[in-house]
Structures are given as C-alpha cells and as structure tokens.
Amino acid sequence: MDVDERLLYGIVGERLKQRRAEANVTQAQLAEAVGVLRTSVTNIEAGRQKPPLHLLYRMCVALDVEVSSVVPSNEEVVGQVASPSGIYGNEDELPPGLAEILKGVGE
C-alpha cells in the first residue's frame with residue numbers, strides 16, 4: 001500500500017478551491033494574502049503544484065478554515081502499489097526468469 005500522490009494533491013487542490021469559493025475569495029486575493037502568484041494558486045487548486053506545508057497553512061488561515069478540512073484521510077489516498085509485473089501487463093510478458101524473481105519480492 002502506498003500514498004497516491006496525484007490523488008492526494010488533487011483532493012487538496014479541489015478542497016482548497018471549494019473553501020475559497022465558499023469564502024468568496026478570488027485566486028488573486030488568496031495569492032496576495034499568502035504571498036504567491038495567482039498562477040501558483042491556480043496550479044495548487046488543479047493539483048499540478050505541491051504546496052509546502054507552511055503555504056497550505058497560510059492558505060487555510062487566509063480562508064479561515066482548518067487545515068484538516070482540506071487534507072484527505074489516509075483511506076482516501078492510500079491505494080495498492082502496482083505490482084512490478086504491471087509494467088509489462090502480465091507475467092506472460094515478462095522476460096524469462098523475471099516473473100519468478102518478482103514473485104519473491106515482498107514475501
């Protein structure tokens with residue numbers, strides 16, 4: 001099991017966007033309040049930019065919401081790690097002997 005970072009930052013961004021809209025604050029206003037460019041807010045909300053923890057707190061303070069209201073639970077972002085054989089599609093497509101080696105990984 002591993003944290004799906006793409007999902008994590010996607011959820012954080014979407015929740016920040018929702019909280020910002022609920023507060024009737026523009027991206028430009030939020031950016032100015034926390035000291036970043038508007039494009040950074042746009043990218044964070046879209047999940048393309050990973051905000052440092054201190055910036056996430058600044059954004060939540062500026063929006064008057066708790067950080068916990070934008071950060072997903074473990075269950076929301078933890079998924080199965082793709083098996084190494086997933087790279088090839090299935091074990092039949094693995095190079096000779098590699099399937100056996102991979103079966104032993106993680107046991």
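User: In this predicted model, does Asp-64 count as buried or exposed?
Analyst: Asp-64 is found in the loop between α4 (53–63) and α5 (74–77). A residue is called exposed when its relative accessible area is over 50%. Because the relative accessibility of Asp-64 is 71%, Asp-64 counts as exposed.

User: Which residue in the loop between α1 (5–22) and α2 (27–34) has a positive phi although it is not a glycine?
Analyst: Most residues other than glycine have a negative phi. Asp-64 departs from this pattern, with a positive phi of about 60°. In the loop between α1 and α2, the residue with a positive phi, again of about 60°, is Asn-24.

User: What is the relative accessible area of Met-1?
Analyst: Met-1 lies in the segment before β1 (2–3). Together with Val-3 and Val-78, Met-1 forms a nonpolar patch on the surface. Met-1 is exposed, and its relative accessible area is 72%.

User: Which element gives the most residues to the largest nonpolar core?
Analyst: In soluble globular proteins, nonpolar side chains tend to be buried together. The largest nonpolar core here has 18 residues, and those with the most contacts inside it are Leu-16, Leu-30, Leu-56 and Met-59. Two or more residues come from each of α1, α2, α3 (38–45) and α4. With 5 residues, the element that gives the most to this core is α4.

User: Which residues does Leu-30 touch, not counting residues up to four places away in sequence?
Analyst: Leu-30 is among the residues with the most contacts inside the largest nonpolar core. Not counting residues up to four places away in sequence, Leu-30 touches Arg-20, Val-25, Val-41, Met-59, Ala-62 and Leu-63.

Notes:
Residues numbered from 1 in each chain as written. Predicted model: local features only at pLDDT ≥ 70, side-chain atom pairs only at ≥ 80, totals over all residues. Heavy atoms only, no water. Helix = DSSP H or I, 4+ residues; strand = E, 2+ residues; numbered from the N terminus. Buried < 20%, exposed > 50% of the residue type's maximum accessible area, 1.4 Å probe, protein only. Patch = residues over 30% accessible without salt bridge, like charges linked within 9 Å, V, L, I, M, F, W, Y side chains within 5 Å. Areas by Shrake-Rupley, 256 points an atom, 1.4 Å probe, with all protein chains shown as cover. Salt bridge = Lys/Arg side-chain N within 4 Å of Asp/Glu carboxyl O. Core = buried A, V, L, I, M, F, W, Y, C linked by side-chain atoms within 4.5 Å. Contact = heavy atoms within 4.5 Å.
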